[in-house]
Amino acid sequence: MKSSRTFKRHFLLLIALLPSLCAASWQGGPAPQRENYRHEFRWVQDSGISREKAASLVKRRYGGKILSVSETRKQGQVVYRVKGLSDKSQVYVVFVDKKSGRISR
């Protein structure tokens with residue numbers, strides 16, 4: 001009899017505390033350290049240049065209009081293939097190394 005009463009008491013206490021326990025876990029707990037964000041940001045930066053950056057590099061060097069940018073492999077390296085239209089209406093294709101940003105034909 002006594003154990004049944006104790007069980008009911010514990011059960012009711014658990015039911016009463018359950019919403020507050022759930023609310024605490026939904027709030028997320030302590031904020032992550034700022035250094036972790038810096039580390040992730042460095043990792044994203046070190047992954048190479050973006051398509052937009054590759055297009056702007058080519059546009060700055062050759063002028064004209066950028067028609068398309070696609071990612072491909074050239075001699076085992078990941079590069080962007082940038083197709084452009086010069087000021088003299090000639091189509092050109094250059095490759096931009098994704099890691100270094102080096103432009104080659």
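User: Helices here are DSSP runs (H or I) of at least four residues, and strands (E) are runs of at least two. By that count, how many helices and strands are there in the protein chain?

Analyst: This is a predicted model. From the N terminus on, its elements run α-α-α-β-β-β-β. The totals for the protein chain are 3 helices and 4 strands.

User: Which elements of the protein chain have the lowest and the highest mean pLDDT?

Analyst: The protein chain averages a pLDDT of 80, and 73% of its residues score at least 70. The elements spread around that. At the bottom, with a mean of 50, is helix H2 (residues 34–46); at the top, with 96, is S3.

User: Over which residues does pLDDT stay under 50?

Analyst: Where pLDDT is low, the predicted coordinates should not be read in detail. One such stretch has 0 contacts in the model beyond four places in sequence. It covers residues 39–45.

User: In what order do the strands of the sheet lie?

Analyst: Strands of a sheet pair through backbone hydrogen bonds, either parallel or antiparallel. Here the sheet is open and its pairing is antiparallel. The order is S1-S2-S3-S4.

User: Why do S1 and S4 each have one side without a neighbour in the sheet?

Analyst: Strand S1 covers 65–74 and strand S4 covers 103–104. Both stand at the edges of the sheet. One side of each is left without a neighbour because each has a single partner strand.

User: How many bridges join S2 to S3?

Analyst: S1 and S2 pair in the antiparallel sense over 9 bridges. Strand S2 (residues 77–85) also runs antiparallel to S3. Tyr80 stands opposite Val96 in that pairing. The bridges from S2 to S3 number 7.

User: Which residue of S2 is the bridge partner of Lys65?

Analyst: Follow the residue across to S3. There it stands opposite Val91. On the other side, its bridge to Lys65 identifies it as Leu85.

User: In the hairpin of S2 and S3, which residue takes a positive phi?

Analyst: The hairpin of S1 and S2 has 2 residues between the strands, and Gln75 takes a positive phi near 55°. The hairpin of S2 and S3 has 5 residues between the strands. There, the positive phi is near 65° and belongs to Ser89.

User: What angle does the direction of H3 make with that of S1?

Analyst: H3 packs on the sheet. It touches S1, S2, S3 and S4. Its direction and that of S1 make an angle of about 120°.

User: How does the aromatic pair of Tyr62 and Tyr92 count: stacked, edge-to-face or tilted?

Analyst: The count comes to 1 aromatic pair. Tyr62 and Tyr92 lie 5.3 Å apart, centre to centre, with 40° between the planes. Tyr62 sits in helix H3 (residues 51–62) and Tyr92 in strand S3 (residues 91–97), 30 residues apart. Stacked needs under 30 degrees and edge-to-face over 60, so this pair is tilted.

User: Which of the two, Tyr62 or Tyr92, counts as buried?

Analyst: The cut-off for buried is under 20% relative accessible area. Tyr62 has 28%, so it is partly exposed. With 8%, the buried one is Tyr92.

User: How much of the accessible surface of the protein chain belongs to carbon and sulfur atoms?

Analyst: Buried residues make up 17% of the 105 residues. The accessible surface comes to about 9,000 Å². The share of carbon and sulfur atoms is 56%.

Methods. Residues numbered from 1 in each chain as written. Predicted model: local features only at pLDDT ≥ 70, side-chain atom pairs only at ≥ 80, totals over all residues. Heavy atoms only, no water. Phe/Tyr/Trp six-rings, centres within 6.5 Å; stacked < 30°, edge-to-face > 60°. Buried < 20%, exposed > 50% of the residue type's maximum accessible area, 1.4 Å probe, protein only. pLDDT = per-residue confidence, 0-100. Contact = heavy atoms within 4.5 Å. Pairing = 2+ DSSP bridges. Axes fitted to C-alpha atoms, helices over the stretch in contact; angles between N-to-C directions. Areas by Shrake-Rupley, 256 points an atom, 1.4 Å probe, with all protein chains shown as cover.
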